[in-house]
Amino acid sequence: MIFKVFYQESKAEVPVRECTQSLYMKADSEREVRLKLKDKPYNIEFVQKLEGAFLEYEENHHSFELEQ
């Protein structure tokens, strides 16, 4: 499954919507995504599972690159 992660780059700062970034990750569950990112200094706002038309849109219309 492919997940889109919305995050802020620092846990120390107050989240600001305009500074939200995103990345794409392949994993079996949301929990696995969060475990893979736990050592990063990210403040994770939301993890969204992408499938069907949503996944197709992201692959075709954004800088779609899977994180390892």
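## A charged pair in helix α1

E32 is partly exposed, with 24% relative accessible area. Its salt-bridge partner is K36, and the closest N and O atoms of the two are 3.4 Å apart. Like E32, K36 is partly exposed, here with a relative accessible area of 40%. Both residues sit in helix α1, four residues apart, or about one turn of the helix.

This is a predicted model, and helix α1 (residues 30-37) is where confidence is highest, at a mean of 96. At the other end comes β4, where confidence is lowest, at a mean of 86. For the chain, the mean pLDDT is 92, and 100% of residues reach 70 or more.

## Other salt bridges

The whole structure has five salt bridges. One of them joins R17 and E45, at 3.0 Å from N to O. R17 is in the loop between β1 and β2 while E45 is in strand β3, so this pair ties together parts 28 residues apart in sequence. R17 counts as exposed, at 60% relative accessibility, and E45 as partly exposed, at 27%.

Then there are E51 and K49, whose side chains meet at 3.8 Å, N to O. E51 is partly exposed at 47%, and K49 is partly exposed at 40%.

## Rings that pair up

Now for the aromatics: the count comes to three aromatic pairs. Among them is the tilted pair of Y24 and F64, with 4.8 Å between centres and 50 degrees between planes. Y24 belongs to strand β2 and F64 to the loop between α2 and β4, so this pair links distant parts of the chain, 40 residues apart.

How buried or exposed are these two? Y24 is buried, at 4% relative accessible area, whereas F64 is partly exposed, at 25%.

How values were computed
Residues numbered from 1 in each chain as written. Predicted model: local features only at pLDDT ≥ 70, side-chain atom pairs only at ≥ 80, totals over all residues. Heavy atoms only, no water. Phe/Tyr/Trp six-rings, centres within 6.5 Å; stacked < 30°, edge-to-face > 60°. Helix = DSSP H or I, 4+ residues; strand = E, 2+ residues; numbered from the N terminus. Buried < 20%, exposed > 50% of the residue type's maximum accessible area, 1.4 Å probe, protein only. pLDDT = per-residue confidence, 0-100. Salt bridge = Lys/Arg side-chain N within 4 Å of Asp/Glu carboxyl O.
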